[in-house]
Amino acid sequence: MAKKLCGTNYPVSICFIVVNEFCERFSYYGMKAVLTLYFLTYLRWDKDLSTAVYHAFSSLCYFTPILGALIADSWLGKYKTIIYLSIVYVIGHVVKSVGAIPTVGSSDVHIALSMVGLILIAFGTGGIKPCVAAFGGDQFDEEHGSERQKFFSIFYMSINAGSLLSTVITPVLRSDVQCFGGDCYALAFGVPAALMIVALVVFTVGSGMYKMSPPQGNILLEVCNCIGFAIKNRWKRSKYDSQKKHWLDWAEEKYSKRLIQEIKMVLRVLVLYIPLPMFWALFDQQGSRWTLQSTRMNMAFGDFFTIEPDQMQMLNALLILLFVPIFDLIIYPLIGLCKINVTPLRKMAVGMIFAALAFGAATLVEIDVVKSVVDPAPAGKCLLQVFNLAEGDVSLMIPGSDLFKEPIPNLQDPAQYETLPASGEDLQFQVTFNGKTSKCNHTFLQREAYSLILYPDAAGIQCNVVSDYIKKNDNGKPLLRFLNTQPEAINTTVGEVSFYLPSDYSMSLNETVDRGEYLAVSCSSTSGKCSELNLGLLDFGASYTVILMEASGQIVAHRMEDVKANSVHIAWQIPQYVLLTIGEVMFSITGLEFSYSQAPANMKSVLQAGWLLTVAFGNVIVLIVAEGAGLEQWKEFLLFAGLLLGVCIIFSIMANFYTYVDPDQLDKTRMEDSGREEDDDDEDHVKKKSNDVKLNKRGKSTRL
């Protein structure tokens, strides 16, 4: 007799299962929240490759549940499958965390460890996905159906709680804790690994209390075998045998008519699944393209707090918890009072429209976001900005160019980069200051960006050209460099970043610093002239050049903004998250309910497998577009929105021809058909039918 909780009908064993699920979901979503930025900033992959690998991993996570279900139902049973694949899961997390330690090998080693870790994690999380919820349901006696239903509500609440907390916490661990001289990805991956270890330990501790059922065969495998036999038999015998009403009828000589009829019901629903991957192609970009969009936005909410770009994903989990009761208790009842017939398939179509609108909103945001981005120079051209450090206006003339017609004032912050021809040969400048003209020569390479520094000496004006980095920082933080005009070296520290600045108009490298007000930055020099610098606000997404010059016996800072700060606030992403979450509520939840109501009880696992495959193929679509399309980001968002609207039209047409099945009649009809077959069939067929009935009974606990 299983132990009960405090005199209720709830088994004590479900506590271990719920805690296990919370920790596992924290582990998975916490790791996944920082994954795109890990590819981008740690492995130094470009945005398209980062997006492609992210979605390849997501896709694998939804292909492997089918393998996990087959192992559990046909070989090991749910308990052993959860234990063994959780060990694989833990190993994957540990390998992934070790790959994020900079001192462990070269970049190739980091990539190899990361990929091996992700593959193991995909097999672990996907393999246990169909087992844990079903194993929890197995703990209840048949007469405690209401308690089992409440358990599933608690179970899915733990999933959302783990997702919400992890997407808030792990980005903070990544950015706020510095290790090995940068963002601490080792810790951001290590904490989810520790939570997965806790999940495994907790689940194992409860092993003495679990009700365990031996593996009894898998209905999904039975369905696939039946379909395969029907296709094979039709191919062999259709030339000389009479035609069947349905191609599945070719399996009648080996499989029962009841099973064939149930497969026909399932296939009617699975055909409707064909357009569904496009919804998931949009939905799963929250962790990839939308996170990358966040890095180019202003993430400060005044002086109160700052949000990390990979934390915005927590809005989806938060809004789901908010919207589900609102839709169930308010919106759907109000629609019913208005006598509007909103069928499940219509709800799903409306959900697609909301997801498309979300990407329309993302497109509008992206168009504004790119306004602060410096476009790279085209082929045969380069970019140039000029810093005038002379004590007065300077005139600059470039032969064959009408740029810089107006004199350049002293210490003017250039408004933008100018585009120059870049032939790979020396280009001569004529610089005039106080009526005296000097000439400078420099070779410019195409598609590069440069700063031309004009400074005075005894002979007139001297020129110094330095290369510029015009891309915005991948993690959204500001970039900073110093130009030291003094005849002595200077040391300064900005936040936790130290700069050593050689003398005589030397330029330091760009370094990433935290966003914030730097009104009293300490500095030191041998002459004692440098003690404190006022850098002002270093804002998100900007790149700054700070020129150190002497004034009134002290060294002071003059700040130039090479790349403009992010001008669009991250709060403008909220509408697209709201629209997408509304779409998820109407599409995903309704879709699962519809699927389960339209097929016999023992076929639920087949539909669950089909549903998970739509998620997997949706991620494959993103992978293909990210690597193959080569579009500007706003155009890519618009493409996805347009594709989903087109798919929505196709789905609506398919839904219009679908005839709903009364779920209350499904099992009744099945039992009647079974009874008629048992009267008509011979003894061998009756035996086979008996096996099918056993299969039906155990199918209720088989969830993919």
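In the predicted model, Met603 makes contacts beyond its neighbours within four places in sequence with Ile219, Val223, Leu259, Glu262, Ile263 and Val266. Met603 also belongs to the largest nonpolar core, which holds 136 residues; together with Leu35, Phe39 and Phe57, Met603 touches the most other members of that core. Helix α13, covering residues 344-369, supplies the largest share of the core, with 12 residues. A second core, separate from this one, consists of 23 residues, among them Ala390, Leu396, Leu403 and Phe444. In soluble globular proteins, nonpolar side chains tend to be buried together.

The protein chain as a whole has 704 residues, of which 53% count as buried. Its secondary structure comprises 18 helices and 22 strands. The C-alpha trace spans about 115 × 55 × 55 Å along its principal axes. Among contacts in the chain with a separation of 6 or more, 71% are between residues 24 or more positions apart.

Two packed helices are described by the angle between their axes and the distance between the axes. For helix α9 (residues 257-273) and helix α15 (residues 604-628), the angle is about 10° and the axes lie 10 Å apart. Angles under 35 degrees count as roughly parallel, and α9 and α15 are therefore roughly parallel to each other. On the α9 side, the contact is made by Val266, Val269, Leu270 and Tyr273; on the α15 side, by Val606, Leu607, Gly610, Trp611 and Thr614. These residues divide into 7 nonpolar and 2 polar, with no charged residue. Val266 in α9, which takes part in this contact, is also one of the residues in contact with Met603.

Two open sheets were examined. One has 4 strands in the order β7-β5-β10-β11, with mixed pairing. Its edges are formed by β7 (418-421) and β11 (460-467), each of which pairs on one side only. On average, neighbouring strands of this sheet are turned by 35° against each other, with direction ignored. Strand β5, residues 381-388, pairs with β7 in the antiparallel sense over 4 bridges. Within this pair, Leu384 stands opposite Glu418 in β7.

The other open sheet also has 4 strands, in the order β14-β13-β18-β19, and its pairing is antiparallel. Strands β14 (497-501) and β19 (532-533) stand at the edges with a single partner strand each, so one side of each is left without a neighbour in the sheet. Between them in the strand order are β13 and β18. Strand β13 (residues 490-494) pairs with strand β18 (residues 521-525) in the antiparallel sense over 3 bridges. In this pairing, Ile490 stands opposite Ser525, and Asn491 stands opposite Ser524.

The side chains of β18 alternate along the strand. Val521, Cys523 and Ser525 point to one face and are buried, whereas Ser522 and Ser524 point to the other face and are not buried. Strand β18 is also joined to β19 by 2 bridges, and these two strands run antiparallel. Ser522 has Glu532 as its bridge partner in β19. The hairpin of β18 and β19 has 6 residues between the strands, and Gly528 in this hairpin takes a positive phi near 80°.

How values were computed. Residues numbered from 1 in each chain as written. Predicted model: local features only at pLDDT ≥ 70, side-chain atom pairs only at ≥ 80, totals over all residues. Heavy atoms only, no water. Pairing = 2+ DSSP bridges. Axes fitted to C-alpha atoms, helices over the stretch in contact; angles between N-to-C directions. Parallel < 35°, antiparallel > 145°, perpendicular 65-115°, else oblique. Contact = heavy atoms within 4.5 Å. Nonpolar A, V, L, I, M, F, W, Y, C, P; charged D, E, K, R; others polar. Core = buried A, V, L, I, M, F, W, Y, C linked by side-chain atoms within 4.5 Å. Buried < 20%, exposed > 50% of the residue type's maximum accessible area, 1.4 Å probe, protein only.
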